Amino acid sequence: MTTKKYVIGIDFGTDSVRALVVATDDGCEVASGVAQYPRWSKGMYCNPRQNQYRQHPLDYTEALTEAVCEALRGCEESVREGVVGLSFDCTASTPVLTDSNGTPLALLEEFKEDPDAMFILWKDHTAIAESDKINEVAKRWHTDYTRYGGGNHSCEWVWAKMLHSLRVAPHLREKAYSWMEHCDWISALLAGDTTPERIARSRCAAGHKAMWHEEWGGMPEWEFWLEVDPLLEVFRGHLFSETYTSDHSAGGLCREWAERLGLKEGIAVGVGAIDCHVGAVGAGVRDRVLVKVMGTSTCDITTAAYDVIGRHTVRGICGQVDGSVLPGRIGFEAGQAAFGDIYAWLKRLLGWSLRSVADMPDLESKILATLTAEAEKLPLAEDDMVAVDWFNGRRSPDDDPLATGALLNLTLATTAPEIFKALVEATAFGSRAINERLADEGLQIDEILAVGGISRKSRYVMQTMADVIGVKIKVVRSEQACALGSAMNAATAAGVYKSVEQAQEAMSSGFDGEYVPNEERHAIYNKLYARYRKAAYGE
């Protein structure tokens, strides 16, 4: 009798880690466990006023252990024995300085409380000056190493962050030897060897966040980096030229972590990847289909065959990388720096008096629900107020972390529901701008697959999105698309399936919601969108 096989997909989010136990034959989600990052949840090592967001490596290892053990605790022994592999997705770019053993500097006694020795979370914006310098040199260099990253190296990405740490923390320079993305370190750690020169580096993270590309043999030449800043010399010879797609194994689970997690030693540890890319895998991404991961911000992911894009590079997105989403296809990433965060801002703004004056914190939770109900009743007209959605800068199209949002056409008659309606429409307009840039560059989008909390919680937002963009949107059934995508990658890395596409076909969760554009409203939104473009881009 054939033993039923299982894999564990592990999703490292911004606030917590989730472990999902999945059957490889039909994608049945058997059990899950979730654990918060203990230090992060207390706000340690962060300074929001300076856009500094750091996470201690112990948060990752402790929460990982708790989440996996919780998931397995509810499983029968046959399930635990049937686990053949595990794989990861992580936020990115979330890099850390390491020593020559590949140990994050924050795990060394002398740096255990030093934020600059910790993982620098994706949304940390302390490295704007460094990203500006990298982009300035790239634009005058004989090769523009940013061309596959949308023409820009963001302050959210690895080289800017690592240079910033070296600049502001000279005491780290003696021990700094290499750097690792979170997804690279965690897979290497569980495989039992974190030596920087030997670990399996993620194609997804390296290509989208570190300017890696086969065209120039891996990383940009060292003369380029020394022109940016001689401090980067510390990394020479300690990085990599080869990368791996997420259908590969980074090695077998080492004895230490097998005992810690209660799993068999030697099972496959998959090469990790960026959370939104893996979420797209879990959702069922394919060519001409955009997966939209909708939460506090958005990530927009699609793929294309080599002959569709050729050597053309798409302007103003977050990168295009061979194999970053599905091996054998070009993966594309774009996104909005603020989405649900904008709605949360309005909730906090309107709730200020409830918290501070009337002392009624219980009512604040009802604000968004009430705003939604009232906004849905409002008529739609081409002279409605318009907002610009860049409340946390602009990610795509055309990255600008200093861009700001706006509310236009305010009068003394403007109501809170009207403002909320305009903000929801603005986030939909920002999404449409991304789709149009992709289409302008040769990537037509026929359908959108939505994952994330907003896609499941707000019919109003989702219908507005469909009406604005004019494309059908399907909501993915699984509430854990990222963890499910990691499970699909794990099943492929473990050899259960020959390709990620085969794993997708067998393990997909399907859909449980659909939004079809209202053509009459879409026609009105075309005129409102033209006003948005004029306000945002001066067109």
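A nonpolar core, as used on this tour, is a set of buried Ala, Val, Leu, Ile, Met, Phe, Trp, Tyr and Cys residues joined through side-chain atoms within 4.5 Å. Please keep in mind that this is a predicted model.

**Stop 1: the core.** Start by selecting Ile-8, Ile-10, Phe-12, Leu-86, Leu-190 and Met-507. These residues have the most contacts inside the largest nonpolar core, which has 80 residues. Another core, of 57 residues, lies apart from it; to find it, select Leu-380, Ala-387, Val-424 and Leu-528, which are among its members. In soluble globular proteins, nonpolar side chains tend to be buried together.

**Stop 2: Phe-12.** Come back to Phe-12 and show its surroundings. Which residues does Phe-12 touch, if those up to four places away in sequence are not counted? You should find Val-17, Tyr-37, Tyr-60, Leu-64, Phe-88, Asp-89, Cys-90, Thr-91, His-182 and Ile-186.

**Stop 3: His-182.** From that list, pick His-182, which lies in helix α5 (residues 182-191). Is His-182 buried or exposed? His-182 counts as buried because its relative accessibility is 1%, and the cut-off for buried is under 20%. Leaving aside neighbours within four places in sequence, His-182 is in contact with Phe-12, Tyr-60, Cys-90, Thr-94 and Phe-119.

**Stop 4: strand β5.** Now select residues 83-90, which make up β5; seven of its eight residues are buried. Add residues 6-12, strand β1: β1 and β5 pair in the parallel sense over seven bridges, and here Phe-12 stands opposite Cys-90. Next, bring in strand β10 (residues 268-270), which pairs with β5 in the parallel sense over two bridges. Look for Gly-85, whose bridge partner in β10 is Ala-268. Strand β11 (residues 273-274) also pairs with β5 in the parallel sense, over two bridges, and there Asp-89 has Ala-273 as its bridge partner.

**Stop 5: two hairpins.** Return to β1 and follow the chain through the three residues of the hairpin that joins β1 to β2. Select residues 16-23 to show β2, a mostly covered strand with seven of its eight residues buried. β1 and β2 run antiparallel and are joined by seven bridges; Gly-9 has Leu-20 in β2 as its bridge partner.

Go on to strand β3 (residues 29-36), which runs antiparallel to β2 and is joined to β2 by seven bridges. To check the register, select Arg-18 and its bridge partner in β3, Val-34. End at the turn: β2 and β3 form a hairpin with five residues between them, and Gly-27 in the turn has a positive phi of about 75 degrees.

Terms used: Residues numbered from 1 in each chain as written. Predicted model: local features only at pLDDT ≥ 70, side-chain atom pairs only at ≥ 80, totals over all residues. Heavy atoms only, no water. Buried < 20%, exposed > 50% of the residue type's maximum accessible area, 1.4 Å probe, protein only. Contact = heavy atoms within 4.5 Å. Helix = DSSP H or I, 4+ residues; strand = E, 2+ residues; numbered from the N terminus. Pairing = 2+ DSSP bridges.
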